[in-house]
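Hi there,

As promised, here is the structure I have been looking at. Have a look at it first, and then read on for my notes.

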Amino acid sequence: MTLGDYRQAILDELTKTSSDTFHTTAILNRFINRAARFAAKYKPWEQTQYAWKLTPTLAGDETDEYWDYPEDCVTDSIYRLAVGTGAIASDIRYKPLTWEEYLDHKEHYNTSDKFWTDHRRQYFIYPIVTGAPIITLWGHQEPANMSADGDDTPFTDDVVIEEAIEALAMGFALIKMRGSYIKEGKARRAEGIALLNQAWEQQRKRQAVKKTEHAEIWEHTDLMNSRAGERLTRRGSFNFDY
């Protein structure tokens, strides 16, 4: 479904609910984009996996140890990092650590160790890279904002996720109308979340068939429910409440 398709579907439903004059095209587009972002961040979908190749400019000091996340990278979604010079064969894959483990390893550094971590929206690499490095990050990409009617989401191949986005957007629209519509809006939002859970289970079953030795692609660190910065690694649990 495209942005125009989502908007028409929501308008069709709204006209059955009320004589709606509040929801302009711009307002509906915001709800649809919000729903698409919610869906994209709800689980580590295969459709949002992405690799960034970065060529940072080195400052020659301790700031070369860390860099900001790419703007379109979902927070805490990086699951692999490699440093090289451009040729794939030259890439050296670094070991992922939790934030506390990273600090401990730095204190008791072993010259054979190469490791990385992320903290808030920065990623850290040790030992500090030199020369003209190319850093490759693997993570999950936040969908671009849709503005033209023909724009679509990363989920055009999954009808269940598309239904979930439609339900979420409809829920946001009804809740915004307030009054007697809030209850119905919350029900539609809950329906969207249930559809996302259904789609995730279907995707996990498909991936289980194709699982290889690189199964860590489905290992993600979830900070959202951690205590005092404790990192909890969960297979297939990457929930965000936006």
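Let me start with helix 4, which covers residues 159-177 in this predicted model. From the first C-alpha to the last, the 19 residues of helix 4 span 27 Å, close to the 27 Å expected at 1.5 Å a residue. Both ends are worth a look. At the start of helix 4, Asp158 places a side-chain oxygen within 3.1 Å of the backbone nitrogen of Val160. Just after helix 4 comes Arg178, with a positive phi of about 60°, which you may want to have in view when you check the backbone torsions.

Next, the charged pairs. There are seven salt bridges in the structure, and here are some of them.

One of the seven joins the side chains of Glu142 and Lys41, at 3.5 Å from N to O. Glu142 sits in the loop between strand 8 (134-140) and helix 4, while Lys41 belongs to helix 2 (residues 25-42), so this salt bridge ties together parts that are 101 residues apart in sequence. How accessible are these two partners? Glu142 is partly exposed, because its relative accessible area is 21% and the partly exposed class begins at 20%. Lys41, at 11%, counts as buried.

Another salt bridge brings together the side chains of Glu65 and Lys106, at 3.1 Å from N to O. This pair also links distant parts of the chain: Glu65 is in the loop between strand 1 (49-54) and strand 2 (66-68), Lys106 is in helix 3 (residues 99-107), and 41 residues separate them. Here the acidic partner, Glu65, is buried at a relative accessible area of 9%, whereas Lys106 is partly exposed at 29%.

The last pair I want to point out is within a helix. Arg188 and Glu191 form a salt bridge whose closest N and O atoms are 2.6 Å apart. Both residues lie in helix 5 (residues 181-210), three residues apart, or about one turn of the helix. Arg188 counts as buried, with 14% relative accessibility, and Glu191 is partly exposed at 37%. Which residues share a network with this pair? Glu13 does: salt bridges with shared partners join Glu13, Arg188 and Glu191 into one network.

Happy to talk any of this through whenever suits you.

Best wishes

Terms used:
Residues are numbered from 1 along each chain as its sequence is written. This is a predicted model: local features need pLDDT of at least 70, side-chain atom pairs count only at pLDDT 80 or more; totals for chains, interfaces and linings use all residues. Side-chain values use heavy atoms; hydrogens and water are left out. Helices (H or I, at least four residues) and strands (E, at least two) are DSSP runs, numbered from the N terminus. The expected span of a helix is 1.5 Å times one less than its number of residues. A polar contact is a pair of N or O atoms within 3.5 Å; within protein, one must be able to donate a hydrogen and the other to accept it, and residues adjacent in sequence count only if both atoms are side-chain atoms. A salt bridge is a side-chain nitrogen of Lys or Arg within 4 Å of a carboxyl oxygen of Asp or Glu. Buried means under 20% relative accessible area, exposed over 50%, partly exposed in between (1.4 Å probe, protein chains only).
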